[in-house]
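Subject: Structure for you to look at

Hello,

Here is the structure I said I would pass on. Please open it alongside this message; my notes come after it.

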Amino acid sequence: MHIPDGLISPQTYLPALAVAVPLWWWAARAFTRQVGDEALPRLAVFTALAFVLSSLMLPLPGGTSGHAIGVGLLALVFGPWVAFLAYTLVLVLQALVMGAGGITALPVNALAMGFIGAWTAYLLFHLLRHVQADFAVLAAVFVSILFSALLVALVLGLQPLIAQGPDGSPRFFPFGWSVTLPAILLPHLFIGLAEAVLTLLIWRHARRRCWIPAACGREA
Amino acid sequence: MSLRRRLRTGAQRRRREACLIAALAGLLLLLPGSSALAHALLHESSVGEAAVVQFLFPDGDKPYFEAYRVMAPDDTRPFQSGRINAVGEVSFRPDRPGTWRVVVATEDGHGAEVRVDVGREGAASAGGAGAGLSQPARLTAGIGYLLGVFGLIALWRGRRARHRPA
């Protein structure tokens with residue numbers, strides 16, 4: 001789902017950068033406050049897991065393929081601000097080392113997957129956890145992935161409308177919403193289901209180990 | 001519960017957590033051997049009178065017949081457009097020096113922008129995102145960088161705690 005460099009216009013990534021910078025600053029403050037020395041190695045391992053999950057392709061029905069995101073797990077265990085910051089680090093490394101995503105596209109990718117993904121998972125989980133905790137995890141991760149995919153599809157589909165050459169041809173991403181919405185959202189229905197189940201398994205383990213302060217507080 | 005027993009229980013829990021983290025880290029190190037790889041669109045360019053850019057996915061597959069555009073230096077109109085050929089290549093003959101761009105975009109948002117530098121003599125050169133390290137090596141390197149960043153944060157925190165007045 002990473003948007004690479006060259007596919008989105010400056011009219012898109014410059015405003016996104018203006019939004020992302022203060023959010024990164026706020027997330028850095030939250031990281032300093034919330035992540036103690038004991039949790040730091042754990043955050044490192046979970047961030048590495050997110051890096052691997054979002055770098056490995058899953059074959060999907062229809063001959064296409066996609067990858068998980070991993071930010072939902074980070075948000076449920078460490079909170080949305082820390083997850084946003086950690087996932088930004090994942091995106092930077094993917095752009096520099098893996099060739100996936102890009103530097104000019106980083107703010108858009110970070111906002112779509114890191115910020116929206118983390119906050120959707122976190123808020124939905126806390127809304128639904130009183131119904132049933134396992135169901136809340138599954139729903140939170142599944143919906144967060146669809147929200148992130150929706151935002152990426154909307155941003156890409158917007159490009160032909162806002163950035164055109166003198167002859168009216170698209171200067172950046174050439175396909176509109178009628179193409180991007182089904183092409184991006186449908187595969188992420190399968191990805192969302194798989195990642196939700198994987199997240200639930202790891203989240204249960206994290207809860208048993210008291211790695212999630214809110215869950216431990218409730219059980220105590 | 002006695003103090004000694006509580007200390008022992010705490011030590012056992014920490015040992016179990018350390019074992020789990022080590023197992024997870026081991027799993028991460030084993031994963032690069034997997035055949036399932038990332039979706040980055042890599043490329044390699046050859047130097048000559050005509051520029052040839054070859055695109056490939058990390059698993060060796062190629063974006064056959066995906067749409068591309070070649071943008072000349074300082075021009076907003078495409079110099080050339082079309083679809084990638086049956087061997088995953090785009091070729092074009094630059095008519096002026098400068099930085100040329102080859103942009104490939106798939107319908108699901110994947111793609112790449114390749115910059116090809118063309119000199120006055122007409123020779124083209126471009127960096128290859130795909131030449132050099134294999135994808136498992138990149139994945140391993142990425143995990144290494146990531147754990148290194150957190151290691152540096154831990155070191156910095158430790159130094160700051162030592163220098164803090166009691």
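Below is what was found, starting with chain A and ending with chain B.

Please keep in mind that this is a predicted model.

Chain A overall

Chain A contains 8 helices and 2 strands. Along the sequence their order is α-α-β-β-α-α-α-α-α-α. The radius of gyration of chain A is 18 Å, and the globule rule gives 17 Å for 220 residues, so chain A is as compact as a globular protein of that length. Its C-alpha trace spans about 65 × 40 × 30 Å along the principal axes.

Two helix pairs in chain A

The first pair to look at is H1(A), residues 10-34, with H4(A), residues 80-98. Their axes come within 8 Å and cross at roughly 115°. Angles of 65 to 115 degrees count as roughly perpendicular, and H1(A) and H4(A) are therefore described that way. The crossing of this pair, H1(A) and H4(A), is left-handed. On the H1(A) side the contact is made by A:Leu23, A:Trp24, A:Trp26, A:Ala27, A:Ala28, A:Ala30, A:Phe31 and A:Gln34. These meet A:Trp81, A:Val82, A:Phe84, A:Leu85 and A:Thr88 in H4(A). By class, the contact of H1(A) with H4(A) has 11 nonpolar residues, 2 polar ones and no charged ones.

The other pair is H5(A), residues 106-128, and H6(A), residues 133-162. Here too the axes come within 8 Å, but the crossing angle of H5(A) and H6(A) is roughly 150°. An angle over 145 degrees counts as roughly antiparallel, so H5(A) and H6(A) are roughly antiparallel to each other. The crossing of H5(A) and H6(A) is right-handed. Their contact comprises 20 nonpolar and 4 polar residues, with no charged residues.

Chain B and its contact with chain A

The domain assignment divides chain B into domain 1 (42-125) and domain 2 (133-166). The C-alpha centres of these two domains of chain B are 37 Å apart.

How many residues of chain B are in contact with chain A? There are 41, and they touch 45 residues of chain A. On the chain B side, the elements giving two or more residues are helix H1 (3-30), strand E6 (98-105), strand E7 (111-118) and helix H2 (135-163) of chain B. H2(B) provides the largest share, 13 residues. Sorted by class, the chain B side that touches chain A has 26 nonpolar, 6 polar and 9 charged residues.

Regards

Notes: Residues numbered from 1 in each chain as written. Chains lettered and ligands numbered in written order. Predicted model: local features only at pLDDT ≥ 70, side-chain atom pairs only at ≥ 80, totals over all residues. Axes fitted to C-alpha atoms, helices over the stretch in contact; angles between N-to-C directions. Helix = DSSP H or I, 4+ residues; strand = E, 2+ residues; numbered from the N terminus. Parallel < 35°, antiparallel > 145°, perpendicular 65-115°, else oblique. Left-handed = near helix turned anticlockwise from the far one by under 90°. Nonpolar A, V, L, I, M, F, W, Y, C, P; charged D, E, K, R; others polar. Domains from an automatic or database assignment. Contact = placed C-beta atoms within 7 Å. Rg over C-alpha atoms; globule rule 2.2 N^0.38 Å.
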